[in-house]
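Work through the exercises below with the sequence and the coordinates open. Each task is followed by a solution in steps.

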Amino acid sequence: MATRIPMSFTINGDRYEMELPPQRTLLELLRDELGLTGTKESCGAGICGACTVLVDGQPVSSCIKMAFQVKGREITTIEGLAPGGQLDPLQEAFVRHGAIQCGYCTPGMIIIAKGLLLQNPYPSEEEIYEAVGSNICRCTGYVKIVEAVRAVARGER
Amino acid sequence: MAARFVGARIKRREDRRLITGEGAYVADLARPGMVHAAILRSPYARARIRAVDLTAARQSPGVLLALAFEDLQPAGPLPLPVPHPALKAAQEFPLAPGMVHYVGEPVAVVVAEERYAAEDALDLIRVEYEPLPPVVDPERALAADAPLVHEELGTNVAAHLEQETGDVERAFREADHVFRERFRVLRGSGQSIEARAVLAAYDPLLQALTVWSSTQTPHLIRRGLAPLLNLTEAQIRIIAPDVGGGFGSKGVFYPEEFLVPFLAIRLGRPVKWVEDRREHLQTAIQERGQVHEVEVAVRRDGRILAVRDRFVADQGAYTPWGIVVPVLTATMVPGPYKIPNYRFEVTVVYTNTVPSAPVRGAGRPQAVFVMERMVDRVARELGLDPAEVRFRNFIPPHEFPYVVGLRSRDGRLQTYDSGNYPEGLTRALRLIGYEEVRKEQERLRAEARYLGVGMACCVEATGLGPHEGATVRVDPSGRVYLYTGASPQGQGHETMLAQVCADALGVELEEITVVTGDTAGIPQGTGTFASRIATVAANAVTAAATEVRARALRAGAYLLEARVEDLDLISGRVQVRGVPEKGVPLGQVARVAAGAVPGPGSPMPEGVETSLEATSYFTPAQAAYASGTHAAVVEVDVETGMVKVLKYGAIHDCGRMINPMIVEGQVCGGVAHGIGNALLEEPVYDGSGQLLTSTFMDYLLPSAAEVPEILLDHVETLSPLNPLGVKGAGEGGTIPAPAAIAAAVEDALAPFGVRITEVPLSPERLRRLISRGERAQDGGRG
């Protein structure tokens, strides 16, 4: 059997200790090892943002991040946004504003917006566009996604 | 019944699972004992396969199976669901038999315990190819000495069609002006954010195959698969779970739809195949590629008397949807205009590229591009405002139903059911503030900033047949189940159809469970394409729910000892009209219909039908014609060739809107796709047929930076063709967008004399046009 490296992570508040082959990506760790399939793969090249998760609060493309690169860090996925079923204001705003269609880019979109608001609770219009603009959505034309993020940034609950 | 839910902005019931990561797409599913398939694809656009050696791959660790064409026998050609008398169809096989016809065509397949092992084993397969010169350019494919894509056909022409209405020759003779132009629309693709995926499991005990496929058409997949696998349709269940976008790219019976179930049966283990983005870019169907030579005959007041359009349509290597795309283009060229004389001639040609089939818009963006560009040309030549030329040529609102004079895609006389095109344009111009934009344009030109405004109108055949159905069933618990073959990929069918059902039946939204995308739910289905679901499926839901309501009232009459005429069904209770306390919940009524009351051994109560359920299929006699008018304001940076869309107004007429929030989402998303077609998206092939755009780094999709705030308004002309009065909304956002943006760019660059006859307008292409214009001006001054 190939080499396995011991690693530990905190994922959505839970601590994991495991041994993983060095080629395991963060996305594979989440989806294949832990069954956290809310994080999606689309372009596989770190361009589209469907696989975005937070690493210590910073948005990261998990498809091009190796698991060992984030050992010891705190990772938040879409499954971790609503602890105990209490939805994050962003999740509610996405529904209210009609910002979801097929839903495949949605976890990445919500996470990148979460990353933005964590670092910058009062983002400018430009900063919202910049955050949303780093992920790709094919269904919505972005209009309602931007609306939803703006609404939360402006304090709508 | 009064509409409580139809027409309301109801929040989507799908969203809860999608915002929490609980959506279940095919790649998210697992079955016990599941193994993984990977596919070896042709690196050549055209080559003979001399030999395939699978020995090393089969010995690779973890590999269970490695197969090439010979190992599939007997595996007949893939289905051709849309035949056409004029079509010379080439047979497509799940794995290439002896020849490959485009880069990416499947040659061999490997199944292994892990996907890594399967992918690694692909590298061990030795294929001996004899590369042959390919034909990539559709016009070149018509040359006498062009290589043949399918030698057995003896020609690269897949089909040639002509049609004429009126007397075109005469109109050209009598016209004041004749204008000619050549247009090129380049290819584009769907690029759903979820690529394709198939998971199949065969149960030998039940002799039943279950396939989870990221498809738009589960029932069509079942229909195609049964004869290939020598199973009955009853033995096959196709489930399209959550599907991450389709846009036409998932409406095709691909080789993998056969391969994965075949492998699962062969191995006796569940097999999963998940496409990666490179594969999707290389092999998912594309569309749009056409070259048009158009002439218009015009009166001096701007009235268009006749149009003559000859075009070549790039079909790629196969015809998975027949020649639907070029037929749609050809018949939609006249669009919203009253053009008494029209002739088209289309030659559909095979090339060594990815097969062409409908992508959101389906041939109509090209038709609109050609026609609207010509209308702009007429305006320019005659010194008229482009809006004015449109107003002068529109079919007047009082002339519906309007007979265009052509046979449409379905073979029937093309007849527009309803519309109000002048109203659409008036509102579109108001949305963007046309007059003010013109003033602003003037002012900015003095500062050497180039603002432009463009508009485009379209008519779109939506809600096509043959049918879509719905089963509505009331469970003895009182819960209402709605099953339909209308399988969604993000359009919110669960919510929209629940709204329709709740109104027609008389229950609350929360009482309804909607099951889509499962062939076990309803015997027949067609699928989601051609903006058809709100028209075809929703009217089937109305019919089925209305029948269930009638049955519930009759069973309720027995329970309440009342006359049927005195009963009503409101909020899930059958009650005496005006005496709400005298009523019974629907579940109790369902128990009567189930035979639970009075009970086994007793006769059914008189007048009560067995089972509180009904299935209904809506079979539209013809298309319902939606329409749209878009207006775009752009600024062009003449130094870089970059185009910024500053303002975008979209008017859409899809008849009655069942859920305006969902319609708005459809239109905005469609516009973004159209902006991609206008400015960014282009699959680029080199001369040897290699796709140069095989990542999202090269094939550019619009991001939030390229899509402006989209201003929306709606014209509602109800369709007289169905009880709900609806028309489709799925593609209208995309269709006019490339034409509107091209017009705006040309308008912006009027000082340079730039003519836009080709999309997409990459900065590089635009810079070339601008510098040619600058040189011409310098020359003129020089």
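Two strands count as paired if DSSP finds at least two bridges between them. The model used here is predicted.

**Exercise 1. In which sense do β1(A) and β2(A) pair, and over how many bridges?**

Step 1. The pairing of β1(A) with β2(A) is antiparallel and runs over seven bridges.

Step 2. One position to check is Pro6(A), which lies opposite Glu19(A) in β2(A).

Step 3. The link between β1(A) and β2(A) has two residues, making the pair a hairpin. In its turn, Asn12(A) has a positive phi of about 50°.

**Exercise 2. Place the strands of chain A in the sheet and find what packs on it.**

Step 1. Five strands of chain A form an open sheet with mixed pairing, in the order β2-β1-β5-β3-β4.

Step 2. The edge positions belong to β2 (14-20) and β4 (58-61) of chain A; each has a single partner strand, so one side of each has no neighbour in the sheet.

Step 3. From one strand to the next, the twist averages 40°.

Step 4. A parallel pair is formed by β1 (residues 5-11) and β5 (residues 74-76) of chain A, joined by two bridges. Here Thr10(A) is opposite Glu74(A) in β5(A).

Step 5. The helix α3(A) packs on the sheet and touches β3 (52-55), β4 and β5 of chain A. Its direction makes about 30° with that of β3(A).

**Exercise 3. Describe the contact between chain A and chain B by residues and by area.**

Step 1. Count the residues: 45 come from chain A and 46 from chain B.

Step 2. The two chains bury about 3700 Å² between them, with 59% of it on carbon and sulfur atoms.

Step 3. Of the area that chain A buries against chain B, 21% comes from Gln101(A), Tyr104(A) and Arg138(A), more than from any other three residues.

**Exercise 4. How many salt bridges are there between chain A and chain B, and which elements of chain A supply residues to the side that touches chain B?**

Step 1. The count is four salt bridges. One of them joins Arg31(A) to Asp28(B), with the closest N and O atoms 2.7 Å apart.

Step 2. Polar contacts across the interface of chain A and chain B amount to 20 residue pairs, both residues at pLDDT 80 or more.

Step 3. On the side of chain A that touches chain B, at least two residues each come from α1 (26-33), α2 (89-96), α3 (106-119), α4 (125-132) and α5 (143-153). The most, four residues, come from α2(A).

Step 4. Sorted by type, the residues on this side of chain A are 21 nonpolar, 14 polar and 10 charged.

Note on methods. Residues numbered from 1 in each chain as written. Chains lettered and ligands numbered in written order. Predicted model: local features only at pLDDT ≥ 70, side-chain atom pairs only at ≥ 80, totals over all residues. Heavy atoms only, no water. Contact = heavy atoms within 4.5 Å. Buried area = accessible area lost by both parts, 1.4 Å probe. Salt bridge = Lys/Arg side-chain N within 4 Å of Asp/Glu carboxyl O. Polar contact = N/O pair within 3.5 Å; in protein donor to acceptor, adjacent residues only side chain to side chain. Nonpolar A, V, L, I, M, F, W, Y, C, P; charged D, E, K, R; others polar. Axes fitted to C-alpha atoms, helices over the stretch in contact; angles between N-to-C directions.
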